[in-house]
Amino acid sequence: MPSFDDYFNFMQIKENFSLKKLNTFGIDVKAKYFAELNSLEEIKEIMQSSYVKEYPFLLLGGGSNILFTKDFEGIVLKINTKGKEITAVDEDFVYLKVQAGENWENFVDYCVMNNWSGIENLALIPGAVGTCPVQNIGAYGVEVKECIEKVEVLNIADGKITEMDNESCQFGYRNSIFKQQAKNKYIILSVSFKLAKKPVLITHYGDILKELEMMMLEPGLATISNAIKNIRRRKLPDPAVTGNAGSFFKNPLVSKEKYEELLKEFPKIRAFPSENNYKLAAGWLIEKSGWKGKSLGNAAVHHKQALVLINKGGATGSEILSLAKAVQHAVLNMFGVELEMEVNLV
Ligand code: EPU
């Protein structure tokens, strides 16, 4: 047992802390210990403490991409650092350094309000700025990697603070070094963005233009952002009302040969060319497998978007996981395609 230090000047360590409000699935699990970190000093202090040295630890951002399947027998740390700073401006771009604990949705709105372009299509995605690089959040034809200049990290092993440029982050589709080799090695302290002063509008994806037409509005930063909010609100459940973590699975990549084989059997299959492969719409596969809108206990496949699993109320993480496995099994049986989870299992 660690000799629990009385030397914490700033933060409070809570015991047997419920994480229900800190994960968007609303799963009711407890952390043995929990602390909110409001400054770099607090982050450094806790990382040197016996809590972190003797127990497993888990960093939590917005809790919007995580599924807790059991109590966490260690310390959960919620990064809550705030601040946005313009670090440079040139003729075409504005450069901003944003602290990890800032809310993502608010940050997008702030950029749209200032007429800085790049992330307006990523409106209404729940989460924190510090976790947006981890899975390289994406929606409506944009991935956040396109606007990330660098990520400031604290190396857990030696306490050193360094910056990783865009290339070092090894961004991919819902992927980065922070989900791979660098997993649990760093704490993301801040993210630096490069945003265009002259808007570059991306309207080709899905129903954006149709939505703008319905709203009788011309494409612009704010109008696109609002159109996307409308589409998302219609299709995706609001985590404040219905527990969920957005897309539960990634859209699977298959070879051209596999795609052509599937196309023969399923002429309506939805797919998009992606590098030399094809990205299949997992929502379509799940729908065709018969699981859309179906429940298993208190967990269900959302009736409007089959890629989203929901907590109907009181679901345990294991119930959601059982449903996810049933869906994976059905899709594998029908199409011979494996669905990979996008959400982190804890
Ligand atoms: N589709 C179905 N049935 C469904 C759902 C989708 O047939 O139940 C079909 C749609 O008709 C469409 C295609 O699948 O032809 C793609 O659907 P959609 O545009 O809704 O996007 P998605 O591929 O299902 C991805 C992201 C979402 C993002 C949307 C919009 C992933 C894993 N998901 O979903 O991201 O909002 O595109 O860009 O890439 C998230 O990651 O949490 C997330 C919500």
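Is V343 buried or exposed? In this predicted model, V343 is buried, with a relative accessible area of 4%, a value that falls below the limit of 20% under which a residue is counted as buried. V343 belongs to the loop that runs between α8 (317–335) and β20 (344–345). With respect to G313, from which V343 is separated by 30 residues in sequence, the distance from C-alpha to C-alpha is 19 Å.

The surroundings of the ligand can be described next. The ligand is surrounded by 23 residues, of which the closest are Y140, Y173, R174, R270 and E287. By residue class, this shell is made up of nine nonpolar, six polar and eight charged residues. Three separate approaches to oxygen atoms of the ligand may be listed in turn. A polar backbone atom of Y140 is found 2.6 Å from an oxygen atom of the ligand, and for A306 it is likewise a backbone N or O atom that lies 2.8 Å from an oxygen atom of the ligand. In the case of K292, a polar side-chain atom is placed 3.0 Å from an oxygen atom of the ligand. Of the 820 Å² of accessible area that the ligand has on its own, the protein covers 85%. Two or more residues of the shell are contributed by each of the elements β8 (138–139), α5 (221–235), β13 (243–247) and α7 (282–288), and it is α7 that supplies the largest share, with three residues. At the level of domains, residues of the shell come both from domain 2 (84–196) and from domain 3 (243–345), and the ligand therefore lies between these two domains.

The strands β14, β15 and β16 form a sheet. This sheet is open and consists of three strands in the order β14-β16-β15, with antiparallel pairing. Because β14 (253–254) and β15 (271–274) each have a single partner strand, they stand at the edges, and one side of each is left without a neighbour in the sheet. The antiparallel pairing of β15 with β16 (residues 277–280) is made through four bridges, and within this region P273 stands opposite Y278 of β16.

A parallel arrangement is found elsewhere, where β3 and β5 (residues 72–79) pair over four bridges. In this pairing, the bridge partner of L60 is K78 of β5. In a regular strand, the side chains alternate between the two faces of the sheet. Such alternation is seen along β3 (residues 57–60), where L58 and L60 point to one face and are buried, whereas F57 and L59 point to the other face and are not buried. The loop between β5 and β6 (84–89) contains N80, which is buried, with a relative accessible area of 17%. The side chain of N80 is engaged in a polar contact with the side chain of K82, at a distance of 3.1 Å.

Two residues in strand β1 may be considered together. N16 is located in β1 (residues 14–18) and has a positive phi of about 45 degrees, although N16 is not a glycine. With a relative accessibility of 54%, N16 counts as exposed, since the limit for this class is set at over 50%. S18 also lies in β1, but is partly exposed, with a relative accessible area of 34%. The C-alpha atom of S18 is separated by 4.4 Å from that of K30, although the two residues are twelve residues apart along the chain.

What remains to be described is the loop between α3 and β8. L124 is found in this loop, which follows α3 (104–113) and leads to β8, and L124 has a positive phi of about 65 degrees although it is not a glycine. S117 has its place in the loop between α3 and β8 as well, and at 4% relative accessibility S117 counts as buried. The side chain of S117 reaches the backbone nitrogen of V200 at a distance of 3.2 Å.

Technical notes. Residues are numbered from 1 along each chain as its sequence is written. This is a predicted model: local features need pLDDT of at least 70, side-chain atom pairs count only at pLDDT 80 or more; totals for chains, interfaces and linings use all residues. Side-chain values use heavy atoms; hydrogens and water are left out. A residue is near a molecule or strand if one of its heavy atoms lies within 4 Å of it. A polar contact is a pair of N or O atoms within 3.5 Å; within protein, one must be able to donate a hydrogen and the other to accept it, and residues adjacent in sequence count only if both atoms are side-chain atoms. Accessible areas come from the Shrake-Rupley method with a 1.4 Å probe; for residues, only the protein chains shown count as cover. Ala, Val, Leu, Ile, Met, Phe, Trp, Tyr, Cys and Pro count as nonpolar, Asp, Glu, Lys and Arg as charged, and the others, Gly among them, as polar. Domain bounds come from an automatic or database domain assignment. Two strands pair if DSSP finds at least two bridges between them. Buried means under 20% relative accessible area, exposed over 50%, partly exposed in between (1.4 Å probe, protein chains only).
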